Amino acid sequence: MADEQRPGFLFVTCQIGAEQALKQELAARWPQFRLAYSRPGFLTCKLPPEHRLRADFDLGAVFARARAFSLGKVAGSDPEELAQAVWGLYTGPLPRRLHVWQRHTQGLGEEGAAAPVSEAAVEAAERIRRHCPYAEKLAADADDPRQPARPGEWVLDCVLVEPEEWWVGFHQARSVPSLWPGGVMPLQLPADAVSRAWLKMEEAVRWSRLPLAAGARWAEIGSAPGGATQALLARGMMVLGIDPAEMHPAVLAHPGFTHLRKRVGQVRRREFRKIRWLAADMNVAPQYTLDAVESIVTHPEVHIRGMLLTLKLIQWELAAKVPEYLERVRGWGYNVVRARQLFHNGREVCLAALQKPFLRKPLRIGKNLD
Ligand SMILES: C[S@@+](CC[C@H](N)C(=O)[O-])C[C@H]1O[C@@H](n2cnc3c(N)ncnc32)[C@H](O)[C@@H]1O
C-alpha cells in the first residue's frame, strides 16, 4: 500500500463492557497508539506518524472484535446522502466487499447480544453499494453479509456508530473474523439445540481453525446440558462429556456421546487416554479451569493435541491476566495459543491451543515456543 493510503487512525469495535479491557490491551501492546474518540463498543486510536502497519496487520487484541484503518465519519439525517458521502470520504484501495454493521449499544441479555448486522446496517450497505462510483469493481454480492470476504480482498468498513453518524474505514481480509462484517460470522442456532452454548462452540471451532477430522475424540468438561456437545457431534466427533449435572436426553441418546456424571477432579486420568481434543466450559474462575486442565494434559499417559477453553472473567479485572493464561498454556507445550472474546462469549474469552506438529507429549518446557 502506498504511503498516502496509510491513514493516521484506526477504529476498533468490542463487546459492550469490554472497552476498558481493550484499552488496557492496546496500551500494553501498542504504546505508540493514542486513544482518540470513543463510545461504548467503539474506539478510535491515532497511529504514530510514519507507521508502516500493513492493512492486514495483527492487532493481537483479545477483546477487539473488528478493526479497520479509519478515514473519519460522515454525518447527516438523510441515509442516501450519507451513503454518497461515504464514497466522498473513501481514499482506501478499491474494495471488493462492503462490511457495514452497527455498533453494539446494549450488553448481553438472555438471548446474547443483538447481531451487529442489523436491518439498518443491511439497508445502509445496499445504499452504499448503489452509490459506488466504480460499481463494476465490487463483487456482485459485495453488500451481502452472509458472504465472507476472501483472504487478501480489500473491504470498505462502515460502522453505524449512531443512526446519523457513520464511521468509514478499510481493511484487508485475512483472519477468520476479518472475513465477516464486524468480525462476526452469521450463525443460526439450530431448532434442536439444547443450549446457546452451541453457538459458542461453533464459533470457537470456526475461529480457531483447529485441524479437526470426523471421528476425533473430545472430552468436554462442563458439558451439561449439551449445546456445545451437539455442535461437536454434528461434525462427526465423539464426545466424552464430564459434568455432575444432567445432560439433555437428546444428547445422551446420541451414539457418539458418553457421559461421566462427575466433577472433573473425580475422573481417573486413564479415561483420557484415547482423547485428543479437550474443551472446557465450567462456570468457575479461570484459575480453577486451568488447574484442572493442567492436571490432565501434563499427565504422562494423556496426549491432548488441542483445546478450546472458555475462561470466565468472574470480574473484569481478570482481563489483565489473559496474557498470563496464554503463557501458562504455552508452558505445557502448546505452541499455537490464542484467545479471543468471541461474539457468543459472555464476560469470558475463548482460548484455543494446538500442539503443532503433534508430539503426543506435552513438553512442559515452561516457555513460549513461538
Ligand atoms: C456454562 S455450563 C456449560 C454449558 C455446556 N457446555 C453446554 O453446551 O450446554 C457450566 C457447566 O459446568 C459444570 N461444572 C462446574 N464445575 C464443574 C466441575 N468441577 N467439573 C465438571 N463440570 C463442572 C456445571 O455443572 C455446568 O453444567
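Two strands pair if DSSP finds at least two bridges between them. Helices (H or I, at least four residues) and strands (E, at least two) are DSSP runs, numbered from the N terminus. The model you're looking at is predicted: local features need pLDDT of at least 70, side-chain atom pairs count only at pLDDT 80 or more, and totals for chains, interfaces and linings use all residues. Residues are numbered from 1 along each chain as its sequence is written, and side-chain values use heavy atoms, with hydrogens and water left out.

**Exercise 1. Find how strand 2 and strand 3 pair, and look at the turn that links them.**

Step 1: Check the direction. Strand 2 and strand 3 are antiparallel, with four bridges between them.

Step 2: Pick out a pair. Leucine 35 has cysteine 45 in strand 3 as its bridge partner.

Step 3: Go to the turn. Two residues sit between the strands of this hairpin, and glycine 41 has a positive phi near 80 degrees there.

**Exercise 2. Put these strands into their sheet and find its edges.**

Step 1: Write down the order. It's an open sheet of seven strands, 2-3-1-4-7-6-5, with mixed pairing.

Step 2: Look at the ends. Strand 2 (34–39) and strand 5 (97–102) are the edge strands, and each pairs on one side only.

Step 3: Add the twist. From one strand to the next it averages 35 degrees (axes are lines fitted to C-alpha atoms, for helices over the stretch in contact, and angles run from 0 to 180 degrees between N-to-C directions).

Step 4: Zoom in on the middle of the order. Strand 1 (residues 9–13) runs antiparallel to strand 4 (residues 66–75), and five bridges join them. Here threonine 13 faces alanine 66 in strand 4.

Step 5: Lay a helix on top. Helix 1 (residues 19–29) lies across strand 1, strand 2 and strand 3 (42–46), at about 20 degrees to strand 3 (contact means heavy atoms within 4.5 Å).

**Exercise 3. Work out which strands stand at the edges of the other sheet of seven strands, and what that leaves open.**

Step 1: Again, start with the order. This open sheet runs 10-9-8-11-12-14-13, and its pairing is mixed.

Step 2: Take the two ends. Strand 10 (257–260) and strand 13 (336–340) each have a single partner strand, so one side of each is left without a neighbour in the sheet.

Step 3: Check the inside. Strand 8 (residues 217–221) and strand 11 (residues 277–280) run parallel and share four bridges. Tryptophan 218 sits opposite tryptophan 277 in strand 11.

**Exercise 4. Describe how the protein surrounds the ligand.**

Step 1: Find the neighbours. There are 20 residues around the ligand (one heavy atom within 4 Å), and Ser195, Gly222, Ala228, Asp243 and Val264 come nearest.

Step 2: Look for polar contacts, here pairs of N or O atoms within 3.5 Å. A side-chain N or O atom of aspartate 243 is 2.7 Å from an oxygen atom of the ligand. For glycine 226, a backbone N or O atom lies 3.0 Å from a ligand oxygen.

Step 3: Work out the cover. The ligand on its own has 600 Å² of accessible area, and the protein covers 87% of it (Shrake-Rupley method, 1.4 Å probe).

**Exercise 5. Find the cis peptide bond that ends at proline 225, and say where this proline lies.**

Step 1: Check omega. From alanine 224 to proline 225 the bond is cis, with omega near 0 degrees.

Step 2: Place the residue. Proline 225 is in the loop between strand 8 and helix 5 (227–234).

How values were computed. A polar contact is a pair of N or O atoms within 3.5 Å; within protein, one must be able to donate a hydrogen and the other to accept it, and residues adjacent in sequence count only if both atoms are side-chain atoms.
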